[in-house]
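Reader: I should like to work through this model step by step, from the overall fold to individual side-chain pairs. Please reason briefly before giving each answer.

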Amino acid sequence: MSTTRPITTIISPGWREQHVDANGVRQHIWRTGGGETPLVALPGFQEIGLTWARVAKRLERDFDIIMVDFRGQGRTERGTATYSQALLVQDVVALLSELDLDRVSVIGFSNGAGVAAELAATHPSLIARAVLEDPPRNPARTAGLADSPQYQAWHVRWLEWLGRFQG
């Protein structure tokens, strides 16, 4: 016999659910309201922001975690635009603007990791750091990442670090 837990066991007290009108759709988020540093959590394809609930519970003291339902997923409207990764990036940019946030940390899983990578590559002023979990392998969509100033700076630091292990 299968049992399902009610959503209230997933959500911590104090988290708040919110709708934000951004990029032509009503976007749905959960926000922990914890620490000062905002951390935007992006789900995989056909998942919802609460996919990150267990992670959010562990990090909510240190971060204000914003768990996003992408366009057409969860409680976010679908809208009329053609669905694409670039559109999801635009949605997140508009959401950050409406929330008056910049220099955020972003974490993404699968398709959300692809969005996070493209977001960091195309809008570097908005992103302080990005964590990508199992990003899609689509060189046509993420080619700009390797050319971004952030990646180039990281790569130089990584090569310097590696050089310390040589003779």
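**Asp91 and the fold around it**

Author: In this predicted model, Asp91 is buried, with a relative accessible area of 3%.

Reader: Which residue forms a salt bridge with Asp91?

Author: Asp91 lies in helix H2, and its partner lies in the loop between E4 and H2, so the pair ties together parts that are 20 residues apart in sequence. The partner counts as buried, at 5% relative accessibility. The closest N and O atoms are 2.8 Å apart, and the residue that completes the salt bridge is Arg71.

Reader: What pattern of helices and strands does the protein chain follow along the sequence?

Author: The protein chain has five helices and six strands. Read from start to end, these elements give the pattern β-β-β-α-β-α-β-α-β-α-α.

Reader: In what order do the six strands stand in the open sheet?

Author: E1 and E6 (127–133) are the edge strands, each pairing on one side only. The pairing in the sheet is mixed. E1 and E2 run antiparallel over seven bridges, E2 and E4 are antiparallel over four bridges, and E3 joins E4 in the parallel sense through five bridges. E3 also pairs with E5, again parallel, over four bridges, and the order of the open sheet is E1-E2-E4-E3-E5-E6.

Reader: What does the twist average from one strand to the next?

Author: The value refers to the open sheet of six strands with mixed pairing. From one strand to the next, the twist averages 25°.

Reader: Is strand E3 largely enclosed by the rest of the structure or largely open, and how many of its six residues are buried?

Author: A residue counts as buried when its relative accessible area is under 20%. E3 covers residues 37–42, and its burial is such that the strand is largely enclosed by the rest of the structure. The number of buried residues among the six is five.

Reader: Which residue is the bridge partner of Leu39 in E4?

Author: E3 and E4 (residues 63–69) run parallel and are joined by five bridges. Within E4, the bridge partner of Leu39 is Ile65.

Reader: What is the handedness of the crossover from E3 to E4?

Author: The two strands run parallel. Between them the chain passes through helix H1 (residues 53–59), which makes a β-α-β crossover. The handedness of this crossover is right-handed.

Reader: Which residue stands opposite Val40 in E5?

Author: E5 comprises residues 104–109 and pairs with E3 in the parallel sense. In E5, the residue opposite Val40 is Val106.

Reader: Which residue takes a positive phi in the hairpin of E1 and E2?

Author: The two strands of the hairpin pair in the antiparallel sense, and His19 stands opposite His28 in E2. Two residues lie between the strands. The residue with a positive phi, near 60°, is Asn23.

Reader: What angle does the direction of H2 make with that of E1?

Author: H2 packs on the sheet and touches E1, E2, E3, E4 and E5. The angle between its direction and that of E1 is about 110°.

Reader: Which residue meets Asp64 in a salt bridge?

Author: Asp64 is buried, with a relative accessible area of 9%, and its partner counts as buried too, at 10% relative accessibility. Asp64 lies in strand E4 and the partner in strand E2 (residues 25–31), so the pair ties together parts that are 33 residues apart in sequence. The N to O distance is 2.8 Å, and the partner is Arg31.

Reader: How far apart are the closest N and O atoms of Glu17 and Arg75?

Author: Glu17 is partly exposed, with a relative accessible area of 37%, and Arg75 is also partly exposed, at 47%. Their salt bridge has its closest N and O atoms at a separation of 2.1 Å.

Reader: How many residues apart in sequence are the parts tied together by Glu17 and Arg75?

Author: Glu17 lies in strand E1 (residues 16–22), whereas Arg75 lies in the loop between E4 and helix H2 (85–98). The pair therefore ties together parts whose separation in sequence, in residues, is 58.

Technical notes. Residues numbered from 1 in each chain as written. Predicted model: local features only at pLDDT ≥ 70, side-chain atom pairs only at ≥ 80, totals over all residues. Heavy atoms only, no water. Buried < 20%, exposed > 50% of the residue type's maximum accessible area, 1.4 Å probe, protein only. Pairing = 2+ DSSP bridges. Right-handed = clockwise from strand over helix to strand, strands pointing away. Salt bridge = Lys/Arg side-chain N within 4 Å of Asp/Glu carboxyl O. Axes fitted to C-alpha atoms, helices over the stretch in contact; angles between N-to-C directions. Contact = heavy atoms within 4.5 Å.
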